[in-house]
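This briefing is meant to be read beside the sequence and the coordinates, and it moves from an annotated region to single residues, helix packing and the chain as a whole. Please keep in mind throughout that the model is predicted.

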Amino acid sequence: MGVVTSPKQDRSRATRQRLLAAAVACLAEHGWAGSTVSVVAERAGVSRGAAQHHFPTREDLFTAAVEYVAEERSTALRALAPEGRAQAVEALVDLYTGDLFRAALHLWVAASDEPQLGARVTELEARVGRETHRIAVDLLGADESRPGVRELVQGLLDMARGLGLANLLTDDTARRRKVVTQWTRVLDTALG
């Protein structure tokens, strides 16, 4: 039997999710400097007070937002049943070309200048990075007990991040497809 929730709890959960989605969108569009609690609250259609009830500080809001979307993306990746390694590589590269990556990048840059945010983002990034690596190993069918396989998987994720950075300024889809195709060949040869 499922847990029974009250309408008030449901509204609170819905408000929280709207705030998280709005925070990621604001970070992706406006960067750290242009993303305030007030801007996010307005975008989410809630009062600033309601936003601060859920997230007492700006840092709380934005780290929770990036974590929430990263968890959603991880859940979607875990549910993926790729029809081959090429589809798995493409899905992993796609992690670094959307609003989540753009928002996370703005958060990383802000964290490099703000020590209190830096510690939180460093811990979050380490956790998300470990989870992404585990998912990549599973999707690729990689055996990390073999020498060099762990580094090969990490190289794929590092390359994907670089492709995501290149995509921030211009649509890099055509080049990215060619790189993904070649990287898939490398993985097929190395992983068997």
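Over residues 13–73 the chain is 80% helix and 0% strand, and the C-alpha atoms at the two ends of this span are 19 Å apart. The span is the one that UniProt, in an unreviewed entry, lists as "domain: HTH tetR-type".

**Annotated regions**

- A second record from UniProt, again an unreviewed entry, gives residues 36–55 as "DNA-binding region".
- In the model, residues 36–55 are 75% helix and 0% strand, and the C-alpha atoms at the ends of the span lie 12 Å apart.

**Two residues in detail**

- Threonine 15 has its place in helix H1, which covers residues 7–30.
- Because the cut-off for a buried residue is under 20% relative accessible area, threonine 15, at 14% relative accessibility, counts as buried.
- When neighbours within four places in sequence are left aside, the residues in contact with threonine 15 are Val46 and His54.
- Serine 38 lies in helix H2, which is made up of residues 37–44, and with a relative accessible area of 34% this serine is partly exposed.
- Between serine 38 and alanine 51 there is a separation of 13 residues in sequence, while in space the two are 8.2 Å apart, taken from C-alpha to C-alpha.

**Packing of H1 with H6**

- Helix H1 packs with helix H6 (residues 99–113) at an angle of about 70°, and the axes of the two helices are 8 Å apart.
- Angles of 65 to 115 degrees count as roughly perpendicular, so H1 is roughly perpendicular to H6.
- On the H1 side the contact is made by Val24, Leu27 and Ala28, and on the H6 side by Asp99, Leu100, Arg102, Ala103, His106 and Leu107.
- Sorted by class, the residues in the contact of H1 with H6 are six nonpolar, one polar and two charged.

**Packing of H8 with H9**

- Helix H8 (residues 149–169) and helix H9 (residues 173–191) have axes that come within 11 Å and cross at roughly 180°.
- An angle over 145 degrees counts as roughly antiparallel, and H8 and H9 are therefore roughly antiparallel to each other.
- From H8 the contact draws on Val149, Leu152, Gly155, Leu156, Met159, Leu163, Ala166 and Asn167, and from H9 on Thr173, Arg175, Arg176, Val179, Trp183, Val186, Leu187, Ala190 and Leu191.
- The residues of this contact of H8 with H9 comprise twelve nonpolar, three polar and two charged.

**The chain as a whole**

- The protein chain has nine helices and zero strands, and read along the sequence its pattern is α-α-α-α-α-α-α-α-α.
- Along its principal axes, the C-alpha trace of the protein chain spans about 55 × 45 × 30 Å.
- Of the 192 residues in the protein chain, 40% are buried.
- The accessible surface of the protein chain comes to about 10500 Å², and carbon and sulfur atoms account for 54% of that surface.
- If one takes the contacts in the protein chain between residues at least 6 apart in sequence, 67% of these contacts join residues at least 24 apart.

Definitions and conventions:
Residues are numbered from 1 along each chain as its sequence is written. This is a predicted model: local features need pLDDT of at least 70, side-chain atom pairs count only at pLDDT 80 or more; totals for chains, interfaces and linings use all residues. Side-chain values use heavy atoms; hydrogens and water are left out. Axes are lines fitted to C-alpha atoms, for helices over the stretch in contact, and angles run from 0 to 180 degrees between N-to-C directions. Helices (H or I, at least four residues) and strands (E, at least two) are DSSP runs, numbered from the N terminus. Angles under 35 degrees count as roughly parallel, over 145 as roughly antiparallel, 65 to 115 as roughly perpendicular and the rest as oblique. Contact means heavy atoms within 4.5 Å. Ala, Val, Leu, Ile, Met, Phe, Trp, Tyr, Cys and Pro count as nonpolar, Asp, Glu, Lys and Arg as charged, and the others, Gly among them, as polar. UniProt positions are given in the numbering used here, feature names are shortened, and annotations may be inferred rather than shown by experiment. Buried means under 20% relative accessible area, exposed over 50%, partly exposed in between (1.4 Å probe, protein chains only). Accessible areas come from the Shrake-Rupley method with a 1.4 Å probe; for residues, only the protein chains shown count as cover.
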